[in-house]
Amino acid sequence: MISEVISEMTSEVISEMTSEVISEMTSEMIGRPTAAAAAAGAVVAGAGGIAGSGAPVLKGENVSRYYDGAGIRVTALDQVSFEIYQDEFVVVLGPSGSGKSTLLNLLGGMDQPSGGKLWYQGRDLTTFTPGQLSDYRREVVGFVFQFFNLLPSLTALENVALAAAVAKEAMSPGEVLGLVGLAGRERHFPAQLSGGEQQRVSIARAIVKRPALLLCDEPTGALDSKNSAAVVRLLLEMGRAFHCPVLVITHNGEVARVARRVFYMKDGRIDRVGINPSPLPVEELVL
Ligand SMILES: Nc1ncnc2c1ncn2[C@@H]1O[C@H](COP(=O)(O)OP(=O)(O)OP(=O)(O)O)[C@@H](O)[C@H]1O
Ligand SMILES: [Mg+2]
């Protein structure tokens, strides 16, 4: 029944949908009571979620990443410490070269710190074997990239199905494409989709595995303002629906207005954590 509902949607319809509707649909699709789970976990308040009660999902202590070569050391990340909680929507802002992608790649298990400790649900990622890290990337992390990283020779559906095939408890790729507003476009190749649509496919690919963590490296960097706002909204709603933290790197300070916490990075450090007591409702976001 849910697939019928979803297949009737177009991207216009989905942009009109309320968070409640998406949350209810997703909760049915993923087979777990997201609202109840959220209530049992951290405090959820406003558009951006909040760092509240409960253990952090991610915790870093003096995390460093440096590169040695040609007699010089480049310090990409310089002893950063942080906590990230369930249901949070955290924006990471900072100039080019300040360590944003380095931080996200470490959180996503795509790289290992040179120093410090990094925990996911109390498990120290720095002690993981390559195999454990691979499981972590496959099972836990949904990653969204600036340039989508879709396979050009696969259709939208096949791109999402590929991610589903290697996950333990994946959702139906077709249903997830419907959820991101792409019902009817399943058989189109990336080249036949707009940038905004390609990014929706890549978000579908990230969430089809029911990730416990959604990491996005400049997901709006290649999009126009209208598509950027739609993608930010979708990411926020996916985080709510999946009851998982969402970290979004951006160069656009406006995006930070919908987040409750903002990590301002500078020279490899989290220079400041901004707290936004009343995040902008994402429906009002204009980019
Ligand atoms: N493999 C590498 N070898 C050497 N230096 C690196 C490597 N990867 C990253 N760096 C350096 O680490 C620093 C942080 O890079 P990072 O990619 O995290 O920046 P960023 O904040 O994501 O920048 P941007 O906004 O341009 O994407 C930069 O000075 C970069 O040159
Ligand atoms: Mg970067």
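**Entry 1: the small end of a sheet**

I began with Trp119, whose bridge partner in S5 is Asp124. I kept in mind from the start that this is a predicted model. Stepping back from that pair, I found that strand S4 (residues 115-120) and S5 run antiparallel and are joined by two bridges. I then followed the sheet outwards: four strands make an open sheet in the order S2-S1-S4-S5, and the pairing is antiparallel. S2 and strand S5 (123-124) are its edge strands, each pairing on one side only.

**Entry 2: around ligand 1**

S2 came up again when I turned to the ligand. Which residues are around ligand 1? I listed Tyr67, Val74, Ala76, Gly94, Ser96, Gly97, Ser98, Gly99, Lys100, Ser101 and Thr102. Two elements give two or more residues to this shell, namely strand S2 (72-84) and helix H5 (100-107). H5 has the largest share, with three residues. I also sorted the shell by class and got seven polar, three nonpolar and one charged residues.

**Entry 3: the six-stranded sheet**

Next I looked up the other sheet. What is the order of its strands? I read S6-S7-S8-S3-S9-S10, an open sheet of six strands with mixed pairing. At the edges I noted strand S6 (141-145) and strand S10 (269-275), each of which pairs on one side only. Ignoring direction, neighbouring strands here are turned by 20° against each other on average.

**Entry 4: from S3 across to S10**

I picked Tyr264 as a handy landmark, and it served me on two sides. On one side, Leu93 stands opposite Tyr264 in S9. The strands involved are strand S3 (residues 89-93) and strand S9 (residues 261-266), which run parallel and are joined by four bridges. On the other side, the bridge partner of Tyr264 in S10 is Arg272. Here the sense changes to antiparallel, with six bridges between S9 and S10. I checked the turn as well: S9 and S10 form a hairpin with two residues between them, and Asp267 in that turn has a positive phi of about 50°.

**Entry 5: the S6 edge and the helix across it**

I went back to the S6 edge of the six-stranded sheet. How many bridges join S6 to strand S7 (residues 213-217)? I found five, and the two strands run parallel. One pair I wrote down is Val144 with its bridge partner Cys216 in S7. H9 lies across S6 and S7, and I noted that H9 runs at about 165° to S6.

**Entry 6: H7 against H9**

H9 also has a helix partner, so I finished there, citing the geometry with its reason below. Helix H7 (residues 156-165) and helix H9 (residues 195-207) pack with their axes 8 Å apart, at an angle of about 25°. Why do I call H7 and H9 roughly parallel? Angles under 35 degrees count as roughly parallel, and the two helices therefore qualify. Their crossing is right-handed. From H7, the residues Ala156, Asn159, Val160 and Ala163 meet Val201, Ala204 and Arg205 in H9. By class, I counted five nonpolar residues in this contact, along with one polar and one charged.

Notes. Residues are numbered from 1 along each chain as its sequence is written. Chains are lettered from A and ligands numbered from 1 in the order in which they are written. This is a predicted model: local features need pLDDT of at least 70, side-chain atom pairs count only at pLDDT 80 or more; totals for chains, interfaces and linings use all residues. Axes are lines fitted to C-alpha atoms, for helices over the stretch in contact, and angles run from 0 to 180 degrees between N-to-C directions. Angles under 35 degrees count as roughly parallel, over 145 as roughly antiparallel, 65 to 115 as roughly perpendicular and the rest as oblique. A crossing is left-handed if the near helix is turned anticlockwise from the far one by less than a right angle, and right-handed if clockwise. Two residues are in contact if their C-beta atoms, placed from the backbone, lie within 7 Å. Ala, Val, Leu, Ile, Met, Phe, Trp, Tyr, Cys and Pro count as nonpolar, Asp, Glu, Lys and Arg as charged, and the others, Gly among them, as polar. A residue is near a molecule or strand if its C-beta atom, placed from the backbone, lies within 6 Å of it. Two strands pair if DSSP finds at least two bridges between them.
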